[in-house]
Amino acid sequence: MHSDTPFLISTAIPYVNARPHVGFALELVVADAIARHRRQRGREVFFSTGSDENSLKNVRAAAELGVSTQTLVDENAAVFARLREVLDLSTDAFVRTSVDPGHRRAAEKLWRACFARGDIYRRDYRGLYCVGCEQFYAETELLEGRCPEHGTDPELVEESNYFFRLERYAERLREGIESGELRITPEHFRNEVLAFVDRGLVDFSISRSSERAKGWGIPVPDDSEQVMYVWFDALGNYISALGYADDGEHFRRWWSPAGERVHVLGKGITRFHALYWPAILASAGLAWPSALVVHGYLTVDGNKIGKSMGNAIDPAAIAERCGVDALRYFLLRHVRHGRDGDFGEARVWQCREAELANQLGNLLNRTVHMITRWFDGRVPTPQRSDPGHAELAAQVQGEIERAFDEARTDDALNALWSLVERANRFIVERAPWKLAKSRSDPETEAKLASTLYDAAELLRLVAVHLRPFLPGSSAELVRRLGLDPDAEADWETSCRWGGLVPGTRVRLGAPLFDKKASPLAPPARL
RNA sequence: GGGCCCAUAGCUCAGUCGGUUAGAGCGGCCGGCUCAUAACCGGUUGGUCCCUGGUUCGAGCCCAGGUGGGCCUACCA
């Protein structure tokens with residue numbers, strides 16, 4: 001893989017009818033870790049996110065609050081955009097579908113391209129429509145003829161909409177997914193999509209009457225009576241972020257078949273990304289995404305997250321109390337890739353204390369203290385490093401690379417943690433505090449020096465690998481080891497054992513993860 | 001109604017192709033150590049593998065039927 005191959009990564013763009021909750025923080029953080037990891041390995045990365053503002057749900061939410069739709073959307077989009085700082089994200093673009101001029105033009109251009117291909121046609125449609133839900137229901141979905149959400153009688157609505165010829169792309173989609181042209185991870189979501197294709201794909205509606213949409217949304221080109229179905233315009237954000245509307249150099253570079261194009265999304269919208277979106281792209285003569293990374297949903301203390309449940313946790317509040325890195329750490333290690341996971345502030349505190357403070361923070365502290373005390377704060381020269389350490393370094397690097405290839409951040413962190421565990425065990429085995437009592441013996445002195453070098457070098461490797469996950473803590477770790485966090489380093493070189501130069505001056509400092517910060521004393525039993 | 005996913009230790013989860021005594025981390029308990037943030041290290045405790053039936057010499061794993069939870073459900077087939 002050439003280092004100049006472009007790597008594009010995106011999150012889905014959420015509705016902004018309410019404030020963000022931790023579930024979306026998971027998606028952002030997973031995408032961010034992947035983006036940072038690829039940059040670290042020398043790739044050029046473009047990481048985009050944004051907000052889906054043309055949804056009818058936003059219109060409804062605004063009406064309930066008695067504010068204009070644009071006002072609601074502006075305010076909430078700002079809160080989502082602020083997550084960049086709150087969650088320490090490395091995003092390069094934030095697309096706002098209701099205000100970015102480039103987005104509207106991109107959606108129009110995409111529509112026209114599909115239309116020119118003959119994949120968009122008009123058809124009469126009649127269905128049972130619930131005004132409360134703003135959506136159509138099949139008869140079988142109704143409960144005793146009534147809306148399952150509201151218990152009201154649906155209206156029989158008849159209108160003419162535009163449709164996309166999905167059926168035409170069924171075989172093309174199946175082949176692309178089976179061959180891995182479009183990778184879907186984890187595999188069980190790929191299987192679900194293929195099973196869905198097997199049952200037959202039918203054309204889908206891509207517009208609504210302007211009246212039903214309350215005038216909100218992007219008008220269909222050359223037909224002001226209709227607005228685009230929100231999914232058509234929302235999916236387009238991935239290319240409007242790159243400047244598709246102007247077909248400039250930036251767009252051609254990043255949405256190029258030569259690079260990688262990865263979408264990170266929640267399991268609920270897999271179908272839109274695995275079928276509708278590639279079909280639209282194929283119709284418009286554009287490349288497909290190369291991979292979909294599908295994540296599961298979070299529950300909170302075992303309960304589904306919902307506004308009506310009043311348990312929509314604000315990720316900013318968690319980051320404020322526990323620290324961004326503890327939140328990122330929990331989401332990236334303790335929520336398994338592609339699976340649902342349970343979130344709770346007590347869980348974050350618990351792993352912050354047990355793993356971040358006790359295992360990692362204390363490892364740094366004890367190592368720096370010993371070097372300061374016995375070697376005047378300078379990393380000693382090792383006579384002979386433990387040969388197992390170079391081997392471990394290579395093994396961990398390989399495991400992390402393989403895990404990231406499949407977006408398994410949890411496994412990558414597990415692999416990384418074996419370095420932390422190894423270092424703590426190694427220190428106890430060597431018992432440097434005993435060696436320090438017989439320093440007049442050259443053999444003992446050499447052993448002491450080698451022991452502390454190895455501990456510090458293991459910590460350097462931890463910092464290298466921790467960087468995509470906990471960028472702030474990684475940088476601080478690097479500073480404590482007396483190195484420059486901003487120094488650019490080649491991936492292979494930085495992963496190799498022995499990078500720490502003897503004589504480097506380490507720095508004492510406040511605990512990396514201060515346990516006194518925990519409000520939960522004692523930590524909750526889980 | 002249909003499609004799909006999940007269920008293994010108190011908690012979070014591994015468990016390969018069906019193969020001997022079902023594993024890890026966290027928590028609990030006991031011990032060691034004193035460099036360190038009362039941290040660290042070792043040992044140990046802990047199981048109705050959701051239920052019922054089937055296939056098999058042998059099932060956590062395969063098959064059928066249930067139970068519980070989750071996601072999707074399109075002009076429906």
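**Exercise 1.** Leaving aside its neighbours within four places in sequence, with which residues is Leu331 in contact?

*Solution.* This is a predicted model, in which local features need pLDDT of at least 70 and side-chain atom pairs count only at pLDDT 80 or more, while totals for chains, interfaces and linings use all residues. Residues are numbered from 1 along each chain as its sequence is written, and side-chain values use heavy atoms, with hydrogens and water left out.

Step one is to apply the criterion for contact, namely heavy atoms within 4.5 Å. Once the neighbours within four places in sequence are set aside, Leu331 is found in contact with Ala25, Leu26, Val29, Leu298 and Phe343.

Step two is to place Leu331 in its core, where a nonpolar core is a set of buried Ala, Val, Leu, Ile, Met, Phe, Trp, Tyr and Cys residues joined through side-chain atoms within 4.5 Å. Buried here means under 20% relative accessible area, exposed means over 50%, and partly exposed lies in between (1.4 Å probe, protein chains only). The largest nonpolar core has 101 residues, and Ile9, Leu331 and Phe343 touch the most other members. Helix α13 (residues 345-375) gives the most to this core, with 13 residues; helices (H or I, at least four residues) and strands (E, at least two) are DSSP runs, numbered from the N terminus. At least three residues of the core come from each of domain 1 (7-295) and domain 2 (349-495), the bounds being taken from an automatic or database domain assignment. A second, separate core has 58 residues, among them Ala106, Ile120, Ala279 and Ala282.

**Exercise 2.** Describe the salt bridge between Glu476 and Arg480, and set it beside that of Arg172.

*Solution.* A salt bridge requires a side-chain nitrogen of Lys or Arg within 4 Å of a carboxyl oxygen of Asp or Glu, and a search of the whole structure finds 34 of them.

First, the side chains of Glu476 and Arg480 meet at 2.8 Å, N to O. Both lie in helix α18 (residues 471-480), and because they are four residues apart there, about one helical turn separates them. Glu476 is partly exposed at 23% relative accessible area, whereas Arg480, at 10%, counts as buried. Elsewhere, salt bridges that share partners join Arg336, Glu406, Arg408, Asp410 and Asp411 into one network.

Next, Arg172 forms a salt bridge with Glu181, the closest N and O atoms being 3.3 Å apart. Arg172 is partly exposed at 35% relative accessibility, and Glu181 is partly exposed at 38%.

**Exercise 3.** Why is the pair of Phe46 and Trp254 classed as tilted?

*Solution.* Rings of Phe, Tyr and Trp (its six-membered ring) pair if their centres lie within 6.5 Å; planes under 30 degrees apart count as stacked, over 60 as edge-to-face and the rest as tilted. The search of the whole structure finds 16 aromatic pairs. For Phe46 and Trp254 the centres are 5.6 Å apart and the planes stand at 40 degrees, so the pair is tilted. This pair links distant parts of the chain, with Phe46 in strand β2 (residues 44-51) and Trp254 in helix α9 (residues 249-254), 208 residues apart. Both Phe46 and Trp254 are buried.

As a further case, Tyr329 and Trp417 form a tilted pair, at 5.2 Å centre to centre and 50 degrees between the planes. Tyr329 is buried with a relative accessible area of 0%, and Trp417 likewise counts as buried at 0%.

Methods: Chains lettered and ligands numbered in written order.
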